[in-house]
Amino acid sequence: MASNIVMPTLGLTMTEGTIEYLAVSVGDKVAKGDIVAEISSEKLTGPVEANADGIVLKILVSEGDVVRIKEPLMVIGQEGETVAEEEMESPAPEETEHTQEDRSTEPVGAEETKKQQEENKQERIFATPLARKMAKEKCIDLAKVNGTGGNGRITRLDIDRYVPMTDEVQETQSSTSKVADLPEWGQGLQGMRKTIAQRMMRSVQTTAQVTNQRKADVTKLMEFRHDIKTKVSSPLNHGEISINTLVTKAVILSLQEHPSLNAWYHNGEHTVMDEIHIGMATDLEEGLVVPVIRNADRMPLSKLGPAIAEVASQARNGELAGDLYSGSTFTITNLGGTNIEYFTPIINLPEVAILGVGAIQDKLVLDHGEVKVAKKLPLSLTYDHQIIDGAPAARFLETLVGYLQDPYRLII
């Protein structure tokens, strides 16, 4: 029996994808799991696999088409099998400029002229139908929006992220007011670097970011690590008790006690999340990405450490699944390896807080009249003051430091 191969979902927020490449033609034999196409959404790309053995009976899309998730891309069946007419039809394109009723009242010549103008416009600016509709509703000039989708295509999220540049702001000001000429966000940059620049600027421009900083005495934490290593017979070579893993576990436990920091704030909607998905900022040659450890709150240290190491490795090697680039509810960024002490991390939207971890410092302390060396871990918590006040943020840090300074609580 014939079956449809549909547009898959690469990430939690994906609503549509672009057909980048068709790997098969009508009449080709395929086996279940064979790659039949390549698609992209935002800056992510991924393969589409055959869902059954058979023959490609019909292809409903072309390269470059934008298709909503779960819409059919092609039909697979057995040789000689016929396909119902409704299965053979491609999804109807979304109306973007005119309704059918408007077109019916236009002279044929005018309709052809407008069609040609629209085709010429499409050649200049690539955007999804939904992005065009949103831009029209918000009176946004698509020529001023940077596309982050496949082949530079403008997507819904690009419209959501767009902030008018200086020239647009000036149009709404009094003719006597003077507005300084500001550069376009990411101007002169390309690809991932431009996207990062725009997202960072959007974060600092749309949130009230404040950073609280303090140190945790991790002397006992280091002793705890040594004690575990000597008492566990199996080797711990996959990050099970690394500093990064132990800090992450302490963050998870602290978020469970202070759920207001495990939240999203996007387009005026504030949502406290039930599940904890930790984003782990990872440095690549091309720029910064944030792979996600899903349901991190359900993992013991023996699972959490390897999961952190695996997503970071896959991100660096370009092997990370598309849906693991988004959906985090709280992000951790660690600069301890570069010997940085304190810094000011920028919130990873739509989250409301991010933790920066610095390098452990040896400090002399006076303990009952005796001078000792204590190991201090610098922590920097940036939060959106629109959502989180200073006192709750301080209490979160206090709880986090408490776990780090009483490390056996991490395994209870």
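**Exercise 1.** How many bridges join strand 10 to strand 11, and in which sense do the two run?

*Solution.* Start with the model. It is predicted, so local features need pLDDT of at least 70, side-chain atom pairs count only at pLDDT 80 or more, and totals for chains, interfaces and linings use all residues. Residues are numbered from 1 along each chain as its sequence is written, and side-chain values use heavy atoms, without hydrogens and water.

Next, the terms. Strands (E, at least two residues) and helices (H or I, at least four) are DSSP runs numbered from the N terminus. Two strands pair if DSSP finds at least two bridges between them.

Now the count. Strand 10 (residues 263-266) and strand 11 (residues 269-272) run antiparallel, joined by four bridges. Tyr 265 has His 270 of strand 11 as its bridge partner. Two residues lie between the strands of this hairpin, where Asn 267 takes a positive phi near 50 degrees.

**Exercise 2.** Find the edges of the open four-stranded sheet.

*Solution.* Read the order: 1-8-6-3, with antiparallel pairing. Strand 1 (3-6) and strand 3 (29-30) each have a single partner strand, so one side of each is left without a neighbour in the sheet. Strand 3 pairs with strand 6 (residues 54-59) over two bridges. There, Val 30 is matched with Gly 54.

**Exercise 3.** Which helix gives the largest share of the largest nonpolar core?

*Solution.* A nonpolar core is a set of buried (under 20% relative accessible area, 1.4 Å probe, protein chains only) Ala, Val, Leu, Ile, Met, Phe, Trp, Tyr and Cys residues joined through side-chain atoms within 4.5 Å. The largest has 51 residues; Val 251 and Phe 330 are among those with the most contacts inside it. Helix 9 supplies eight residues, the largest share.

Terms used: Buried < 20%, exposed > 50% of the residue type's maximum accessible area, 1.4 Å probe, protein only.
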